Amino acid sequence: MSVNQSRGGSALAKSAVSTGFVLGISILLFLIIDLLAGARMRELIDIHRDHFRISHPIYHHDLKPNSRGIGYWGTWTYPVCTDGNGFKSGCDRIGVKQKSFDVAFIGDSFTEGIGLPYDKTFVGMVANQLPELTIANLGVVSYSPAIYLSKLTYLFSQGYRFKHIIVFIDIGDAYDEANEYDLFENKFVVAKGESYPFTWLKQAKRWAIRHFPLTALGWDKWQQFSLRSPQVRRDLTNATLVAEQAADTRVIGNRDISLGTIAPNSDTKQDASQASPPLPSDVKERASRNIYEGIYEKNYPKSEWTYNTASVHYGQEGVLNTLEKMKREMNQLVSLATSYGATVSIGVYPWPGQLKYDTSDSLQVRYWKDFCTDKCLYFYNNFPAFFQLAREKGTQRIINDYYFAGDVHFNERGNEVIARTILEAGVE
């Protein structure tokens, strides 16, 4: 080897060492900045993320206490506030933390009131009409019976007390139970297929995600967009937005009730000539860009189970065994509530798919009405109200008028119907 070659090799080695040193220092500085200011920087970078959504070590995810922010759902933005407990509430409740309530609602995104400020959700409407009652909204997007049970178990153990617990079981809960969550010891909720207790590697990963949010964001983006399948990328992106993200049963009657801005039942008896005009082009555009592709099709995976129990989207257990799993969890929930002196009620409502392809006497209705016998104070059945509207005005018109465009969730008018159903029955 010549002297020049030796000097060249030495120079390359020194250059590599210098480059490695600079790179190492840069990475270290980035991690320090991420640790100290990553959370705030991520808020500025990722403005369309709901920063009030947090993970929870027991029941998977929740809302951050004392939050005031903007929620993002599809193409909609809306104000969101939480009280000192992390329950969605009016903004006047920020900083207020109490542990004793007359009524607690729990459910998924429908109960949380996705896309709407608190006072335009059915929980907020009921609370406004019954100011003499203290009402808590425990609902959070993508909850299901496994989390209902886990969260209530945790809250009771922390000294929270509720006289009446109203569980709104969503059409999509069955899909989540089959595909998204596992429940251990009736207490700990983890992602489907995940083991518990967590391995040291899983615990380390959770710690890193919590303390190095910018690094976690970069890793998530790399994983999502390095995958070959565009559909898998879309599914992962949507999942990330979300994850961060004993008395007689009484079925509701049709009595009129004044709800302020909520129209009485007589207003639902309009003929087709009084129906609102067709969807404007901008609303159609919103629908075409919403995340719920295929929701109006008969075989939509999350809603077809009520009229197709052979659906292939519910794992090896299938639809009926998934319902039995949900029933076991709800039985545990009722037993838990009873042990703390609380009564339980259940509510149900239809998705657009049920209005188009199912009947008012849906499997969702029959299953939970039967469950409620000798267990529930009330069974809040919202199917008759929506199916009556569909008969009077037409199914598509009701979907257009009572749900967000291109979405399965109710808009303000849909929430009014549910609030009326609850108030007609009572919540005591």
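Which residue stands opposite S345 in strand 10? I166 does. This report starts from that pair and works outward through the strands, the core, the enclosed helices and the salt bridges. The model is a predicted one.

## Overall make-up

The protein has 15 helices and 11 strands. It comprises 428 residues, of which 47% count as buried. About 20500 Å² is exposed, and carbon and sulfur atoms supply 56% of that area.

## Strands 7, 10 and 11

Strand 10 spans residues 343–348. Five of its six residues are buried, leaving the strand mostly covered. Strand 10 pairs with strand 7 in the parallel sense, over five bridges. Strand 10 also pairs with strand 11, residues 379–381. That pairing is parallel too and runs over three bridges. Here I346 stands opposite F379 of strand 11. In general, side chains in a regular strand alternate between the two faces of the sheet.

## The largest nonpolar core

The largest nonpolar core holds 97 residues. Within this core, F105, F162 and W368 touch the most other members. Helix 10, residues 318–339, provides the largest share of the core, with eight residues.

What does F105 touch, leaving aside residues up to four places away in sequence? Its contacts include F122, V123 and V126. They also include I135, A136 and N137, as well as I166, F168 and I422. I166 is the residue that faces S345 in strand 10.

## Two enclosed helices

Why is helix 3 described as largely enclosed? Helix 3 covers residues 122–129, and six of its eight residues are buried, so the rest of the structure largely encloses it. The buried residues are F122, V123, G124, M125, V126 and A127. Among the elements covering them are strand 5 (100–106), helix 2 (109–112) and strand 6 (135–137). Strand 7 (161–168) and helix 15 (412–425) also contribute to that cover.

Helix 12, residues 363–372, is a second case. Seven of its 10 residues are buried, so helix 12 is also largely enclosed by the rest of the structure. The buried residues are L363, Q364, V365, Y367, W368, F371 and C372. They pack against helix 10, strand 10, strand 11 and helix 13 (383–393). W368 is also one of the residues that touch the most other members of the largest nonpolar core.

## Salt bridges

Side chains of opposite charge can pair when their charged atoms come close. How many salt bridges does a search of the whole structure find? It finds 10. The table gives three of them.

| Pair | N to O distance | Accessibility of the acid | Accessibility of the base |
|---|---|---|---|
| D62 and K151 | 3.1 Å | D62, 5%, buried | K151, 0%, buried |
| E329 and K325 | 3.0 Å | E329, 6%, buried | K325, 12%, buried |
| D401 and R413 | 4.0 Å | D401, 10%, buried | R413, 35%, partly exposed |

The side chains of D62 and K151 meet in a salt bridge. This pair links distant parts of the chain, 89 residues apart. D62 lies in strand 2 (residues 60–63) and K151 in helix 4 (residues 145–157).

E329 forms a salt bridge with K325. Both residues sit in helix 10, four residues apart, so about one helical turn separates them. An α-helix has 3.6 residues a turn, so residues three or four places apart point the same way. E329 counts as buried at 6% relative accessibility, and K325 is buried at 12%.

D401 and R413 meet in a salt bridge at 4.0 Å, N to O. D401 belongs to helix 14 (residues 395–402) and R413 to helix 15, so the pair ties together parts 12 residues apart in sequence. D401 is buried, whereas R413 is partly exposed. Elsewhere, salt bridges with shared partners join E177, K325 and E329 into one network.

## A nonpolar surface patch

Which residues form a nonpolar patch on the surface? They are F21, V22, I25, L28, L29, I32, L35 and L36. Together they have about 800 Å² of accessible area. One of them, L29, is found in helix 1 (residues 3–45). L29 has 49% relative accessibility and therefore counts as partly exposed.

How values were computed
Residues are numbered from 1 along each chain as its sequence is written. This is a predicted model: local features need pLDDT of at least 70, side-chain atom pairs count only at pLDDT 80 or more; totals for chains, interfaces and linings use all residues. Side-chain values use heavy atoms; hydrogens and water are left out. Buried means under 20% relative accessible area, exposed over 50%, partly exposed in between (1.4 Å probe, protein chains only). Contact means heavy atoms within 4.5 Å. Two strands pair if DSSP finds at least two bridges between them. Patches are made of residues with over 30% relative accessible area and no salt bridge: like charges are joined within 9 Å, nonpolar side chains (Val, Leu, Ile, Met, Phe, Trp, Tyr) within 5 Å. Accessible areas come from the Shrake-Rupley method with a 1.4 Å probe; for residues, only the protein chains shown count as cover. A nonpolar core is a set of buried Ala, Val, Leu, Ile, Met, Phe, Trp, Tyr and Cys residues joined through side-chain atoms within 4.5 Å.
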